[in-house]
Amino acid sequence: CVVPGDVDVASRTRWLEEMAKFVGSVALKHYFSMHGTQSGEGERLCRELLISLLKEDRIEVRTAAQEALAPLNIMLSSKQVSLVAKKWSKLNGDQADEAVHGLASLLLAAGSLASPDWLGGVIEGLSTVGTRPDSKKEVERVVQAFLKQQQVSREVWRRCQSRLSSEQMELLKAGQGTLSYFS
């Protein structure tokens with residue numbers, strides 16, 4: 001993916017944001033053909049591109065990549081998700097943005113899967129990367145969105161609670177931060 005060199009920052013951001021959405025929708029729409037041909041090379045390229053966008057400077061681009069990656073994460077096995085979550089949980093320093101948005105894409109996927117068995121590991125990973133001052137606000141935003149999604153019905157929320165240990169529930173509660181109109 002090559003961004004034209006003669007564009008300003010705002011145009012570059014919009015271009016990358018739209019490209020992430022496009023790649024995500026095409027990858028999901030054609031997932032089975034990309035996964036089944038050439039040993040999954042097309043799927044791997046789309047996933048790698050979206051993961052590379054998690055490292056971008058602009059939050060709009062990282063968020064678009066996170067949202068485009070979430071449906072592709074649904075297609076991963078539990079073992080694959082656990083490995084990816086552990087990898088992102090260990091990132092630090094200049095890789096903090098990738099870690100937060102990568103784990104957030106897994107949390108979005110978990111919300112669509114009715115609390116899969118790997119949800120607890122993702123929450124633990126977010127609590128680890130959320131301790132960094134520059135990541136805390138984004139982790140709080142993503143946890144709040146997840147809780148809002150899970151609490152749409154009592155049944156969904158109970159299922160989520162039953163899949164998490166008391167320690168993981170505490171981490172989830174701590175990760176939501178202070179709800180504020182201005183945050």
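**Figure 1. The whole chain and its surface.** About 10300 Å² of the protein chain is exposed, with carbon and sulfur atoms supplying 54% of that area. Keep in mind that this is a predicted model. The fold is helices throughout: 10 of them, and zero strands. Of the 183 residues, 43% count as buried. Among contacts with a separation of 6 or more, 64% are between residues 24 or more positions apart.

**Figure 2. Close-up of Glu98 and Lys55.** Here's one of the seven salt bridges found in the whole structure. The closest N and O atoms of Glu98 and Lys55 sit 4.0 Å apart. Glu98 belongs to helix H6 (residues 96-112), while Lys55 is in the loop between helix H3 (41-53) and helix H4 (59-74), so the pair links distant parts of the chain, 43 residues apart. Glu98 counts as buried because its relative accessibility is just 5%, under the 20% cut-off.

**Figure 3. Close-up of Glu98 and Lys87.** Glu98 turns up again, this time in a salt bridge with Lys87, and the closest N and O atoms are 4.0 Å apart. This pair joins helix H6 to helix H5 (residues 78-90), with the two positions 11 residues apart in numbering. Lys87 is partly exposed, at 45% relative accessible area. Put the two views together and you get a salt-bridge network of Lys55, Lys87 and Glu98.

**Figure 4. Close-up of Glu138 and Arg141 in helix H8.** In this salt bridge the closest N and O atoms are 2.4 Å apart. Both residues lie in helix H8 (residues 133-150), three residues apart, or about one turn of the helix. Glu138 is buried at 12% relative accessible area, whereas Arg141 is partly exposed at 35%.

Note on methods:
Residues are numbered from 1 along each chain as its sequence is written. This is a predicted model: local features need pLDDT of at least 70, side-chain atom pairs count only at pLDDT 80 or more; totals for chains, interfaces and linings use all residues. Side-chain values use heavy atoms; hydrogens and water are left out. Helices (H or I, at least four residues) and strands (E, at least two) are DSSP runs, numbered from the N terminus. Buried means under 20% relative accessible area, exposed over 50%, partly exposed in between (1.4 Å probe, protein chains only). Contact means heavy atoms within 4.5 Å. Accessible areas come from the Shrake-Rupley method with a 1.4 Å probe; for residues, only the protein chains shown count as cover. A salt bridge is a side-chain nitrogen of Lys or Arg within 4 Å of a carboxyl oxygen of Asp or Glu.
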